[in-house]
Amino acid sequence: MTDPASADQIEAAIRARRSIRGLEGPPLTAQVVDDLVSLACTAPAPHHTQPWRFVEVSPARRTALATAMAEAWRADMMVDGVPERQQERALARSGRQVEEAPTLLLGCLVHDGLRDYADDRRARAEWGLAQHSFGAALQNILLAAAARGLGAFWISAPLYAQEAVRSALALDAGWEPQAFVALGHPSADYRPFDRPLPDLAKHLVRR
Ligand SMILES: Cc1cc2nc3c(=O)[nH]c(=O)nc-3n(C[C@H](O)[C@H](O)[C@H](O)COP(=O)(O)O)c2cc1C
């Protein structure tokens, strides 16, 4: 049983976690990265599987990675008819996040142990289970990073550029890139966006 005092601390830590996009070096030590990924791997997962895989992306790979992702995103924005100047601004911002994160972790999913269904409805639901578990694993990283005084934020771009990410990082074909977590030390002047207070009248119904 958790004692009430530590329950208070855990709940305060959950409330205090914020997405910190202003990050400074130095990069996390290998030991801290190992600790965070170990905590990620305690997340709940369907059918006793462990479908998460993580890549610590070295600085040497970042430019090639950002370039490959930019190509994929530019192609999508062309299809959407996004004006060129807007494309360039978005790509530059996203490229900086990939290249400048003191530590960049990529989270992937694999199908190992998931059930195979012949019909699309259940196959999609099964993959949904894995993605739920991925969210829980990433939240463990975000919470543990915040508890250590580190800054971190989730970057969803890999999900939209899976092939580009896989090939820039020479990943196994079975690894499906999902998201980056950028990690570092919070810049003193960074202020998180306002976060609305939970509104149970909207978020909870009882039947
Ligand atoms: C699935 C998912 C994708 C996200 N993608 C991004 C992203 O690409 N870039 C970013 O800056 N934040 C991203 N975020 C962070 C959210 O913007 C952030 O959690 C939200 O604004 C609430 O702020 P908070 O985390 O400080 O409470 C993402 C969060 C989730 C759960």
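**Close-up views of the pockets and the ligand**

**View 1. The second largest pocket takes the biggest part of its lining from α4, which gives four residues.** Welcome to this predicted model! The second largest pocket has a volume of about 200 Å³. Its lining is made up of Arg21, Leu23, Arg93, Arg96, Gln97, Glu100, Ala101, Pro102, Phe153 and Ala182. Sorted by class, these are five nonpolar, one polar and four charged residues.

**View 2. The largest pocket holds about 370 Å³ of space.** Look for Trp73, Ser94, Ile155, Ser156 and Ala157, which lie nearest the centre among the 22 lining residues. Two or more residues each come from α3 (59–80), α4 (84–100), β4 (151–155) and α6 (157–160). Of these elements, α3 gives the largest share, eight residues. The lining has 14 nonpolar residues, joined by four polar and four charged ones.

**View 3. Around the ligand you will find Arg17, Arg18, Ser19, Arg21, Phe153, Trp154, Ile155, Ser156 and Arg195.** This shell divides into four charged, three nonpolar and two polar residues. Ile155 and Ser156 may be familiar from the view of the largest pocket, where they are among the residues nearest its centre. Arg21 and Phe153 also help to line the second largest pocket.

**View 4. Oxygen atoms of the ligand meet polar atoms of the protein.** On Ser19, a polar side-chain atom lies 2.6 Å from a ligand oxygen. Arg21 likewise places a polar side-chain atom 2.6 Å from an oxygen atom of the ligand. With Ser156, a polar backbone atom is involved, 2.9 Å from a ligand oxygen. The ligand taken alone exposes 630 Å², and the protein buries 59% of that.

Notes:
Residues are numbered from 1 along each chain as its sequence is written. This is a predicted model: local features need pLDDT of at least 70, side-chain atom pairs count only at pLDDT 80 or more; totals for chains, interfaces and linings use all residues. Side-chain values use heavy atoms; hydrogens and water are left out. A residue is near a molecule or strand if one of its heavy atoms lies within 4 Å of it. A polar contact is a pair of N or O atoms within 3.5 Å; within protein, one must be able to donate a hydrogen and the other to accept it, and residues adjacent in sequence count only if both atoms are side-chain atoms. Accessible areas come from the Shrake-Rupley method with a 1.4 Å probe; for residues, only the protein chains shown count as cover. Ala, Val, Leu, Ile, Met, Phe, Trp, Tyr, Cys and Pro count as nonpolar, Asp, Glu, Lys and Arg as charged, and the others, Gly among them, as polar. On a 1 Å grid over the protein atoms alone, a cavity is a set of points where a 1.4 Å probe fits but cannot get out, and a pocket is an open set with protein on both sides within 12 Å along at least five of seven lines; lining residues have an atom within 4 Å of a point. Grid points are joined across faces, edges and corners, and a volume is the space filled by probe spheres set on the points.
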